[in-house]
Amino acid sequence: MLAADGCRAMGPRRYSGGKQAGSLAPVPRLSEVIAALENLWPAERAESWDAVGTVVGDPDQEVTRVLFAVDPVQEIVDEAVKLDADLLVTHHPLYLRGTTTVAASHFKGRVVHTLIKNDIALHVAHTNADTADPGVSDALAGALDLRVMRPLVPDPSDPDGRRGLGRICELDHPLTVRELAARAAERLPATAQGIRVAGDPEAVVRTVAVSGGSGDSLFDAVRAAGVDAFLTADLRHHPASEAVAHSPLALLDAAHWATEWPWCELAAAQLDEISDRRGWDLRVHVSRTVTDPWTAHAASATTTDTSGAPN
């Protein structure tokens, strides 16, 4: 079922604020909220190439509303302004490769100008949220009702073996690849792409590896895990072709944004719990705005002709 904003409903709880307006509870400062977020996703656990942490914001400003989203794009920033949010937390960085200008003549510069003009801080948790416990792939597994067994690529610095990239999961009961793809299409936010499948649609799946975001660099780990299927995003032609040639592994390719959006609800729930525990007057929201860049899909004509491409 589609919500009014175009996203599929994804569970009974929607995070739109745990405190009531007019509360006498203490209002935290940005530095306090950031410290809590850094405890969840320490910056030192991000990949060396990544750009995480606070991008914009005065540590002394008060924070009463927080908005979580995947992408720090203008549409999301405008939503934060309309919401009167004080802090925007996104999964994707605004400047991943650095810049020499934040001029408003450029679309990323406009984002910075809008944030500063409206006293909205921006904080990014990217690869440090991917490998967290719980992290992006835990949220993806949870959206699909999969039981997480262990990380796909464990973090060697975690003695408990719970952190790492991706997750190896069990289904609640065996499904065909076709049925698992239908579950993913139903449970993840709706996008133009939907779910692409490689492999035998009628093969039975009992175990599945999942990785939110781009996952075709993980094929070696997926094959070593011996799972029946791999659900991720951004699968390219050659790695996918080689993966299915190696083994009967089924591939399910979802939209990048859709595989990472469930983390926003998980992260919001984590901050909401911290706020409740500390007695903060803090309202936590999750953006339902679809920022997947693909906006339409035209299906190929159905045919039984397998002779090849058109002449």
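A salt bridge is a side-chain nitrogen of Lys or Arg within 4 Å of a carboxyl oxygen of Asp or Glu. Arg162 and Asp133 meet this criterion in the predicted model, with their side chains 2.7 Å apart, N to O. The pair links distant parts of the chain, its members lying 29 residues apart. Arg162 sits in the loop between β5 (147-154) and β6 (164-176). Asp133 sits in the loop between α4 (127-130) and α5. Arg162 is partly exposed, at 49% relative accessibility. Asp133 is also partly exposed, at 35%.

Side chains of opposite charge can pair when their charged atoms come close. A search of the whole structure finds 14 salt bridges. One of them joins Asp172 and Arg183, at 3.1 Å from N to O. This pair again connects distant parts of the chain, eleven residues apart. Asp172 belongs to strand β6, and Arg183 to helix α6 (residues 177-187). Arg183 is buried, because its relative accessible area of 9% falls under the 20% limit. A further salt bridge is formed by Arg283 and Asp281, whose closest N and O atoms are 3.3 Å apart. Both partners are buried: Arg283 has 12% relative accessibility, and Asp281 has 7%. Asp155, Asp158 and Arg163 are linked in a network of salt bridges.

The chain as a whole contains nine helices and eleven strands. Of its 311 residues, 48% count as buried. The accessible surface comes to about 15300 Å². Carbon and sulfur atoms account for 51% of that surface. Contacts across the sequence were also examined. Among those between residues at least 6 apart, 68% join residues at least 24 apart.

Helix α5 spans residues 136-143. Seven of its eight residues are buried, so the helix is largely enclosed by the rest of the structure. The buried residues are Val136, Ser137, Asp138, Ala139, Leu140, Ala141 and Ala143. Just after α5, Asp145 adopts a positive phi of about 55 degrees.

Two strand residues were examined in detail. Phe68 lies in strand β2 (residues 65-69). Phe68 counts as buried, at 0% relative accessibility. Beyond its neighbours within four places in sequence, Phe68 contacts Trp41, Val89 and Cys264. Its other contacts include Ala267, Ala268 and Leu271. Phe68 also meets the run Val284, His285, Val286 and Ser287. The C-alpha atoms of Phe68 and His91 are separated by 8.3 Å, with the two residues 23 apart along the chain.

His123 is found in strand β4 (residues 121-124). His123 is buried, with a relative accessible area of 2%. The side chain of His123 makes a polar contact with the side chain of Thr54, at 3.0 Å. Leaving out residues up to four places away in sequence, His123 touches Ile34, Leu37 and Glu38. Gly53 and Thr54 are also among its contacts. So are Leu87, Leu88, Val89 and Thr90. Val89 is thus listed among the contacts of both Phe68 and His123.

Cysteines were considered last. Cys169 is buried, at 0% relative accessibility. Cys264, a contact of Phe68, is buried too, with a relative accessible area of 0%. The count of disulfides comes to zero.

Terms used: Residues are numbered from 1 along each chain as its sequence is written. This is a predicted model: local features need pLDDT of at least 70, side-chain atom pairs count only at pLDDT 80 or more; totals for chains, interfaces and linings use all residues. Side-chain values use heavy atoms; hydrogens and water are left out. Helices (H or I, at least four residues) and strands (E, at least two) are DSSP runs, numbered from the N terminus. Buried means under 20% relative accessible area, exposed over 50%, partly exposed in between (1.4 Å probe, protein chains only). Contact means heavy atoms within 4.5 Å. Accessible areas come from the Shrake-Rupley method with a 1.4 Å probe; for residues, only the protein chains shown count as cover. A polar contact is a pair of N or O atoms within 3.5 Å; within protein, one must be able to donate a hydrogen and the other to accept it, and residues adjacent in sequence count only if both atoms are side-chain atoms. A disulfide is a pair of cysteine sulfur atoms within 2.5 Å.
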